[in-house]
Amino acid sequence: MSEIRELLRRTAELAADYVESLDERPVFPEVTPERLREALGGPLPDGPSDPKTVVNELVESAEPGVVALGSGRYFGFVIGGSLPAALATDWLTSTWDQNAGLYVGGPSASVVEQVTREWLVDLLGLPADASIGYVTGTQMAHVTGLAAARWHVLDAVGWDVGARGLAGAPPVRVLVGEKRHVTIDRALRLLGLGAPQVVAADAQGRLVPGGLRDALGGEGPAIVCAQAGEVNTGAFDPLPEIADACEAAGAWLHVDGAFGIWAAVSPRLAHLVEGLERADSWTTDAHKWLNVPYDSGIVLCRHPESHRAAMTTTASYLIQDVGERRVRDQVDWVPEFSRRARGFAVYAALRSLGRRDLTELVERCCDAASRFAAAITELDGVELLNEVVLNQVLFRFDSDERTDEVLRRVQESGRVWMSGTTWDGRKAIRVSVSNWQTGNEEIDLAVDAFSQAYGQVPAR
């Protein structure tokens, strides 16, 4: 056996040991940063180290500080796990080590992105010719989609960004709902678009269409950011009314669908995203509900030429298909120049699930969220704060202090983990169900953890 084969075999054993321990290990580790630094730190050795020793010692030192994000008992931050086929393919992605910037850097990496694009637009009910980009996550997907939006709306008023640049260009207004995700604001800041104009949202975080129509009454090019799945409540902006307002005003509609866009694959839930196909750009995270390893974000665009124009770059030494476009150079569609071939893991996830099991995964997670909501509200003093329309449950106890203390005890128990938040000025707890391994047993365990912690915390 060669040394590299022995190393990879040992690494596979260590990885399998970890995956098989997810059902038993504490979801959040009990370790101090000082202990981790002591185990992992120290001076860099002068000479080389045996690769097998490096891997073994890294696992021994790092695993005490690894959060079991892939566990079906992890309910924090809308984080999925890793489907077996996606995990295995992600290893192969590192093994193949393709530079997914140009077709010549890996033909299969380029083609697999085209194939998954066809599958995704079909699954999500988007325009058949929509373009796609694979990025780190929804944050960079917003940057890409909004860059395409700015290019398009300026071109529509006669400003040639390619020839004239952005200096002196007409100001672009960006309108957002009060409860939009913070990555929207960050994307606008990175693009130099400034602070957005905020439109009121209702009690569940849905953008109010009437307020949007009034705000769109101003002059100049405009972009509207809507969302499919508010990060706390799971609520969906009313996309048909928003699309109507955008069409009437000639505005670009960008939809943040980080996790909620996957409702489109379920006949039972598709009503939540009615009007989705009328938008101009869409974003989502494959590392959330599709259960692909980090990092994997996706941006799609109705206007491929604007998308490409906003992203592409050329240089004399690059080998690009700038004429016939018979092949796809990924650098034309994303901000990154060199990057990991993320399309392989997305391909494997979709291929391994198929349309039927992807629908079942989404619906099962939503059913689990409803099961948790029904059970948690049987505890005295629990207030459910959201309409459980998807996979998010938002609730609190009878005071901020008790809410924080119960959550702290649940987190420290290690049995399950979820995060806290603030909703309308009050402390709350948010449970996100998006892992392919979460079932009734994990939901019942979570309810039991809260029941026990609640009983230990006196009312204040």
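A residue counts as buried when its relative accessible area is under 20%, as exposed when it is over 50%, and as partly exposed in between. The exercises below apply this and a few other cut-offs to a predicted model.

**Exercise 1. Determine how many residues of β6 are buried, and work out which way their side chains point.**

Step 1. Strand β6 spans residues 281–285, and with the cut-off of under 20% in hand, five of its five residues turn out to be buried, which leaves the strand mostly covered.

Step 2. In a regular strand the side chains alternate between the two faces of the sheet. In β6, Ser 281, Thr 283 and Asp 285 point one way while Trp 282 and Thr 284 point the other way, and all are buried.

Step 3. The neighbours of β6 complete the picture. With β5, the strand pairs in the parallel sense over three bridges, and Val 255 stands opposite Trp 282 there. With β7 (residues 297–301), β6 pairs in the antiparallel sense over five bridges, and in that pairing Trp 282 stands opposite Leu 300.

**Exercise 2. Find which parts of the chain the salt bridge between Arg 268 and Asp 367 ties together, and classify the exposure of the two residues.**

Step 1. Side chains of opposite charge can pair when their charged atoms come close. The cut-off for a salt bridge is a nitrogen-to-oxygen distance within 4 Å, and the side chains of Arg 268 and Asp 367 meet at 2.7 Å, N to O.

Step 2. Arg 268 belongs to the loop between β5 (252–256) and β6, whereas Asp 367 belongs to helix α12 (residues 343–376), so the bridge ties together parts that are 99 residues apart in sequence.

Step 3. The relative accessible area is 41% for Arg 268, which is therefore partly exposed, and 40% for Asp 367, which is likewise partly exposed.

**Exercise 3. Place the salt bridges of Asp 332 with Arg 308 and of Arg 364 with Glu 360 in the chain, and state whether their residues are buried or partly exposed.**

Step 1. In the bridge between Asp 332 and Arg 308, the closest N and O atoms are 3.2 Å apart. This pair links distant parts of the chain, since Asp 332 sits in the loop between α11 (304–311) and α12 and Arg 308 in helix α11, 24 residues apart. Both Asp 332 and Arg 308 are buried.

Step 2. In the bridge between Arg 364 and Glu 360, the closest N and O atoms are 2.8 Å apart. Both residues lie in helix α12, four residues apart, or about one turn of the helix. Arg 364 is partly exposed at 26% relative accessibility, and Glu 360 is partly exposed at 36%.

Step 3. As a wider setting for these pairs, the structure holds 30 salt bridges.

**Exercise 4. Describe how α2 packs against α3 and how α6 packs against α11, using the crossing angle and the residues in contact.**

Step 1. Two packed helices are described by the angle between their axes and the distance between the axes. The axes of α2 (residues 33–40) and α3 (residues 51–62) come within 9 Å and cross at roughly 170°. Because angles over 145 degrees count as roughly antiparallel, α2 is roughly antiparallel to α3.

Step 2. From α2, the residues Leu 36, Ala 39 and Leu 40 meet Leu 58, Ser 61 and Ala 62 of α3, a contact that divides into five nonpolar residues, one polar and no charged. Despite this contact, α2 is hardly covered, for the count of buried residues among its eight is zero.

Step 3. The axes of α6 (residues 138–156) and α11 come within 8 Å and cross at roughly 105°. The range of 65 to 115 degrees counts as roughly perpendicular, and α6 and α11 are therefore roughly perpendicular to each other.

Step 4. On the α6 side the contact is made by Thr 144, Ala 147, Ala 148, Trp 151 and His 152, and on the α11 side by Ser 306, His 307, Ala 309, Ala 310 and Met 311. These residues divide into six nonpolar, four polar and no charged.

Notes: Residues numbered from 1 in each chain as written. Predicted model: local features only at pLDDT ≥ 70, side-chain atom pairs only at ≥ 80, totals over all residues. Heavy atoms only, no water. Buried < 20%, exposed > 50% of the residue type's maximum accessible area, 1.4 Å probe, protein only. Axes fitted to C-alpha atoms, helices over the stretch in contact; angles between N-to-C directions. Parallel < 35°, antiparallel > 145°, perpendicular 65-115°, else oblique. Contact = heavy atoms within 4.5 Å. Nonpolar A, V, L, I, M, F, W, Y, C, P; charged D, E, K, R; others polar. Pairing = 2+ DSSP bridges.
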